[in-house]
Amino acid sequence: MTVEVKDQPSHGRIALTGDGSGGPEPGADLAELCRSIAELARTSSRPPRRIRLEHLGTAVEVEWDGDGAPAAPGTAGRPPAAAPEPQDGHHHVCAPMIGTFYHAPEPGAPPFVKIGDTITPGQPIGLLEVMKMMSPVEADTAGRVVEILVADGTAVEFQQRLIAVEPA
């Protein structure tokens, strides 16, 4: 099965084509594919103009017009918009994408950071689950954690503030 991603200025387009021989359980592959398409459509600021899905021929096509197409991180050709800094002088570490934010590497484990901890750039402060994939969220500044703004297991939006840091 092959995946083809086309990024054109006028519209976004994702096409998945194949011969239908996705493995021993094509029904499971189809269900996962449907979940992935639903998640992709949900992340867009506008609904897709067109979604096409075939089963045994395994043809999937999702298309957006204009600037409503979601882009993979780093592929949009422009840096993500920075969240404005508040007047209290604290820096905020923000979510790099939408997903579910977790404070610890696994249930019952100690959290990556607590209020009062000193952090350094690149230090993990949590995990973000996106479509069953776990990605570390790293501090982008040095300082002391003064507030944790998101509860464990909370769904977060792109650039949502996760923790407040008093810069060093």
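Colleague: Is E166 buried, exposed or partly exposed, and how do I read that?

Modeller: Go by relative accessible area, where under 20% is buried, over 50% is exposed, and partly exposed is in between. This is a predicted model, and in it E166 comes out at 34%, so E166 is partly exposed.

Colleague: Which residue forms a salt bridge with E166?

Modeller: For a salt bridge, look for a side-chain nitrogen of Lys or Arg within 4 Å of a carboxyl oxygen of Asp or Glu. Here R144 is the partner, with the closest N and O atoms 3.3 Å apart. R144 sits in strand β10 (residues 143-148) and E166 in strand β12 (residues 161-167), so the pair ties together parts that are 22 residues apart in sequence. R144 is also partly exposed, with a relative accessible area of 34%. By that rule, the count comes to one salt bridge.

Colleague: How many bridges join β10 to β12?

Modeller: Strands of a sheet pair through backbone hydrogen bonds, in either a parallel or an antiparallel way. For β10 and β12 there are five bridges, and the two strands run antiparallel. If you want a place to look, V145 stands opposite V165 in β12.

Colleague: In what order do the strands of that open sheet come?

Modeller: Read across the sheet and you get β5-β12-β10-β7, four strands with antiparallel pairing. The edge strands are β5 and β7 (118-119), each pairing on one side only.

Colleague: Let's take the edge strand β5 then. What does the side chain of H91 make a polar contact with?

Modeller: With the side chain of D140, at 2.7 Å. H91 is in strand β5 (residues 91-94). At 18% relative accessibility, H91 counts as buried, because the cut-off is under 20%.

Colleague: And what about a whole strand: how many residues of β8 are buried?

Modeller: You go along the strand residue by residue. In a regular strand the side chains alternate between the two faces of the sheet. Strand β8 (residues 124-130) has five of its seven residues buried, so β8 is largely enclosed by the rest of the structure.

Colleague: Which strands does β8 pair with?

Modeller: Strand β6 (residues 99-102) is joined to β8 by three bridges, and the two run antiparallel. Within that pairing, T100 has E129 in β8 as its bridge partner. Strand β9 (residues 133-138) also pairs with β8 in the antiparallel sense, over six bridges. There, L127 has P136 in β9 as its bridge partner.

Colleague: What should I look for in the turn between β8 and β9?

Modeller: Check the backbone angles. The two strands form a hairpin with two residues between them, and M131 in the turn has a positive phi of about 50 degrees.

Colleague: Where is V62, and is V62 buried or exposed?

Modeller: V62 is in strand β4 (residues 60-65). V62 is buried, with a relative accessible area of 1%. Sequence and space are worth comparing here: V62 and R50 are twelve residues apart in sequence, with their C-alpha atoms 5.8 Å apart.

Colleague: Zooming out, what does the secondary structure of the protein chain come to?

Modeller: One helix and twelve strands. From the N terminus, the elements run β-β-α-β-β-β-β-β-β-β-β-β-β. Of the 168 residues in the protein chain, 28% are buried. Among contacts between residues at least 6 apart in sequence, 57% join residues at least 24 apart.

Colleague: How much of the accessible surface belongs to carbon and sulfur atoms?

Modeller: That share is 56%, from an accessible surface of about 10,200 Å² for the protein chain.

Key
Residues are numbered from 1 along each chain as its sequence is written. This is a predicted model: local features need pLDDT of at least 70, side-chain atom pairs count only at pLDDT 80 or more; totals for chains, interfaces and linings use all residues. Side-chain values use heavy atoms; hydrogens and water are left out. Buried means under 20% relative accessible area, exposed over 50%, partly exposed in between (1.4 Å probe, protein chains only). Two strands pair if DSSP finds at least two bridges between them. A polar contact is a pair of N or O atoms within 3.5 Å; within protein, one must be able to donate a hydrogen and the other to accept it, and residues adjacent in sequence count only if both atoms are side-chain atoms. Contact means heavy atoms within 4.5 Å. Accessible areas come from the Shrake-Rupley method with a 1.4 Å probe; for residues, only the protein chains shown count as cover.
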